[in-house]
Amino acid sequence: MEVPILKQGNYLIASIQSALSDSDLAQLRDALVERVGRLRSRGVIIDLTALDILDSFATRTLRDTAHMIRLRGAETVIVGMQPEVAFTMVQLGLSLPDIATALDLEEGLIYLGRKTRPREVPRARGQTGEQ
Amino acid sequence: MSNERPHGDIRVTIASDSDLLAVRQSVRALALELGFSVTQTVEIVTALSEMARNMLAYAGRGELVVQRLRKGDRQGLLITARDEGPGIPDVQKAMLDGYSTSGGLGMGLPGIRRLMDDFTIVSALQKGTTVTVEKWLTHR
């Protein structure tokens, strides 16, 4: 099942609506990394509220996604992790180092508002003062 | 993928990651139906997922069997992951946190053991590995 990605101003919001297969997660990663450039987004929110579990593959894919998005010049925040999922991840020894997390969508938007600046539209060639 | 449920048991061949999603969902439903809490259910499904990933990473394929348990008035779930892969050369070492020979695929056996109430592993070189875990319903 494909994860819908919404564009909200300078941000992209990916809301996971159900349990995902590995290929769904990989597809989400690729789509976000591509769209951040195409839509010139400054921030990405990945909402995990409806995700059933986060196992080693899902954790690694989320981590990779956030790192790739950072390399493309945008910030990622992961929101909506359920308490049971967090509890199980810690017992299993999984973590999301260097990745921003927030309680829910609202908190995620506040985080991105603090962390990001709108991209400046590049000026057309010739308009800049070439000396 | 074969998916039979005699007496509520689940038996599935895991040959690719796409087999995993369906079995995760049926085991989740079974655990909740038996009365496990959401936390316990997430622990069970996560352990199951990691057991299946280990089989895929090391043996390429394997079989997962999920059975109901009853001991007196206690109810539980038994999960068996059986593969015919290369086996584990040093099981004691494989039970140490942070030990992996698959390049970090899977979180390893110690994590699975922490999620469940009972954990058994039998491995023979060139024959395969069987991991068995149990989770019991706690009375509330």
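Colleague: Taking two residues to be in contact if their C-beta atoms, placed from the backbone, lie within 7 Å, how many residues of chain B are in contact with chain A?

Modeller: 21 residues of chain B, and they meet 16 residues of chain A. This is a predicted model, where local features need pLDDT of at least 70 and side-chain atom pairs count only at pLDDT 80 or more, while totals for chains, interfaces and linings use all residues. Residues are numbered from 1 along each chain as its sequence is written, and chains are lettered from A and ligands numbered from 1 in the order in which they are written.

Colleague: Which elements give two or more residues to that side of chain B?

Modeller: Helices H1 (18–34), H2 (38–58) and H4 (108–115) of chain B. Helices (H or I, at least four residues) and strands (E, at least two) are DSSP runs, numbered from the N terminus. H2(B) provides the largest share, nine residues.

Colleague: And how do the residues on that side divide?

Modeller: Six are nonpolar, seven polar and eight charged. Here Ala, Val, Leu, Ile, Met, Phe, Trp, Tyr, Cys and Pro count as nonpolar, Asp, Glu, Lys and Arg as charged, and the others, Gly among them, as polar.

Colleague: Back to H4(B): which of its residues are buried?

Modeller: B:Gly108, B:Leu109, B:Gly111, B:Ile112 and B:Leu115. Seen down the helix axis, the buried residues of H4(B) fall within an arc of 160° (taken from the directions from the axis to the C-beta atoms), so they line one face. Buried means 20 or more other C-beta atoms within 10 Å of a residue's own, exposed 12 or fewer, and partly exposed in between, with C-beta atoms placed from the backbone.

Colleague: Nice. What covers the buried residues of H4(B)?

Modeller: The cover includes helix H3 (83–92) of chain A, together with H2, helix H3 (91–94), E4 and E5 of chain B.

Colleague: New topic, then. How do E4(B) and E5(B) run?

Modeller: Antiparallel, with seven bridges joining E4 (residues 118–124) to E5 (residues 128–136); strands pair if DSSP finds at least two bridges between them. B:Ser123 stands opposite B:Thr129.

Colleague: What about B:Gln126 in that hairpin?

Modeller: Three residues sit between the strands, and B:Gln126 has a positive phi near 65°. B:Gln126 counts as exposed because it has 8 C-beta neighbours inside 10 Å.

Colleague: Where does A:Arg40 lie?

Modeller: In the loop between helix H1 (22–38) and strand E3 (43–47) of chain A. A:Arg40 has a positive phi too, near 50°, and counts as partly exposed because it has 15 C-beta neighbours inside 10 Å.
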